[in-house]
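User: I would like a close look at one part of this model, with the surroundings described afterwards so that I can place it. Please give the cut-offs behind each term.

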Amino acid sequence: MLLHDTGLIYGRYLRQSLRSRFALLFGVLMPLLYLLFFGPLLTDLPLGGQGSSWQVLVPGLLLQLGLFGASFAGFSVIIENGQGVVERMRVTPVSRLALLLGRVLRDATVFVFQAVLLVLAAVVMGLRAPLPGVLIGFAFVALLTVSLASLSYALAMKVRTPQEFGPAVNALTMPSMLLSGLMLPMTLGPAWLDVLSHLMPFRYLVDAVRDAYVGGYATPHMLYGVVVALAFTALAVTVGTRVFRTAGA
């Protein structure tokens with residue numbers, strides 16, 4: 001029944017997303033602008049890592065896509081609360097876990113699709129990376145989306161207005177972006193900043209995807225990235241499900 005219920009919720013929200021094709025394409029705009037206007041500045045610069053500047057920048061942009069997109073996914077729950085959609089779902093026998101999983105799996109599908117568009121644009125601009133590494137990058141985007149979207153929906157169930165939700169998410173996402181080395185490797189910064197960045201779980205995901213883009217599939221970075229991604233996803237889904245249950249969603 002859980003799979004059946006999740007499929008129903010997933011299909012409902014995926015159809016909504018497919019009807020808004022402009023939003024699908026517009027969602028990839030910010031990483032694409034970074035790719036077009038920031039990427040050429042890094043060409044031939046020593047970035048302290050293996051591979052080309054594109055193999056350093058593109059993995060960060062992929063995870064930036066998941067970070068910002070999934071973190072703001074909760075806005076839709078706030079809107080649905082105001083329209084009474086959540087209240088109507090409460091009286092159905094659908095599993096509370098399915099109500100969450102259907103939403104976050106839709107988000108993962110959308111952001112992986114946008115990640116594919118971003119990588120295709122990067123290939124045109126000069127990115128060269130092994131196919132297994134690219135696919136691993138998509139898997140990390142999916143895991144990051146599921147985890148952050150789960151937490152975003154949980155937060156949206158706790159706040160009352162978008163005015164409360166937006167600043168709270170911004171206060172979390174901006175430090176996450178700056179300390180995880182999405183744009184440039186943190187090893188380029190001072191030692192204290194590099195040490196501080198290791199407290200940010202997204203740092204391990206970024207390092208893992210960058211290793212994958214240069215063909216490093218059995219490195220310590222990859223191991224740490226997989227462990228952190230899976231643990232963070234499990235924790236986030238657990239928290240999100242608990243909030244959905246206690247909030248009567």
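What relative accessible area does Ser52 have, and how is the residue classed on that basis?

Analyst: The model is a predicted one, in which local features need pLDDT of at least 70 and side-chain atom pairs count only at pLDDT 80 or more, while totals for chains, interfaces and linings use all residues. Residues are numbered from 1 along each chain as its sequence is written, and side-chain values use heavy atoms, with hydrogens and water left out.

Ser52 has a relative accessible area of 30% and is therefore partly exposed, a class that lies between buried (under 20%) and exposed (over 50%), with a 1.4 Å probe and protein chains only. Ser52 sits in the loop between H3 and H4, where helices are DSSP runs of H or I with at least four residues, numbered from the N terminus. Leu42 is 10 residues from Ser52 along the chain, and their C-alpha atoms are separated by 9.2 Å.

One of the helices that flank this loop, H4, is mostly covered, since 18 of its 19 residues are buried. The end C-alpha atoms of H4 are 27 Å apart, which agrees with the 27 Å that its 19 residues should span at 1.5 Å a residue; the expected span is 1.5 Å times one less than the number of residues. H1 can be described in the same terms: its 18 residues reach 26 Å from the first C-alpha to the last, close to the 26 Å expected, and its buried residues are Asp5, Thr6, Ile9, Gly11, Tyr13, Leu14 and Ser17.

The largest nonpolar core (buried Ala, Val, Leu, Ile, Met, Phe, Trp, Tyr and Cys residues joined through side-chain atoms within 4.5 Å) holds 62 residues, of which Val58, Leu62, Leu63, Val119, Phe140, Tyr153 and Tyr213 touch the most other members. At least two residues of this core come from each of H1, H4, H5, H7, H8, H9, H11 and H12, and the largest share, 12 residues, is supplied by H8. In soluble globular proteins, nonpolar side chains tend to be buried together. Setting aside residues up to four places away in sequence, Leu63 is in contact (heavy atoms within 4.5 Å) with Phe140, Val141, Leu144, Leu182, Leu205, Val206 and Val209.

Further along the chain, H12 contains both Phe232 and Thr241. Phe232 touches Ser147, Leu148, Leu151 and Phe202 once neighbours within four places in sequence are left aside, and its C-alpha atom is separated by 9.6 Å from that of Val146, although the two residues are 86 apart along the chain. Thr241 counts as buried because its relative accessibility is 6%; apart from residues up to four places away in sequence, Thr241 touches Leu97 and Leu100. Between Thr241 and Leu14 the sequence separation is 227 residues, and the C-alpha to C-alpha distance is 20 Å.

Pro162, which is placed in H9, has a relative accessible area of 36% and is therefore, like Ser52, partly exposed. Leaving aside neighbours within four places in sequence, Pro162 is in contact with Phe75, Ile78 and Pro167. Pro162 and Leu41 are 121 residues apart in sequence, with 36 Å between their C-alpha atoms.

To return to the part in question, Ser52 is a partly exposed residue in the loop between H3 and H4, and H4 itself has 18 of its 19 residues buried.
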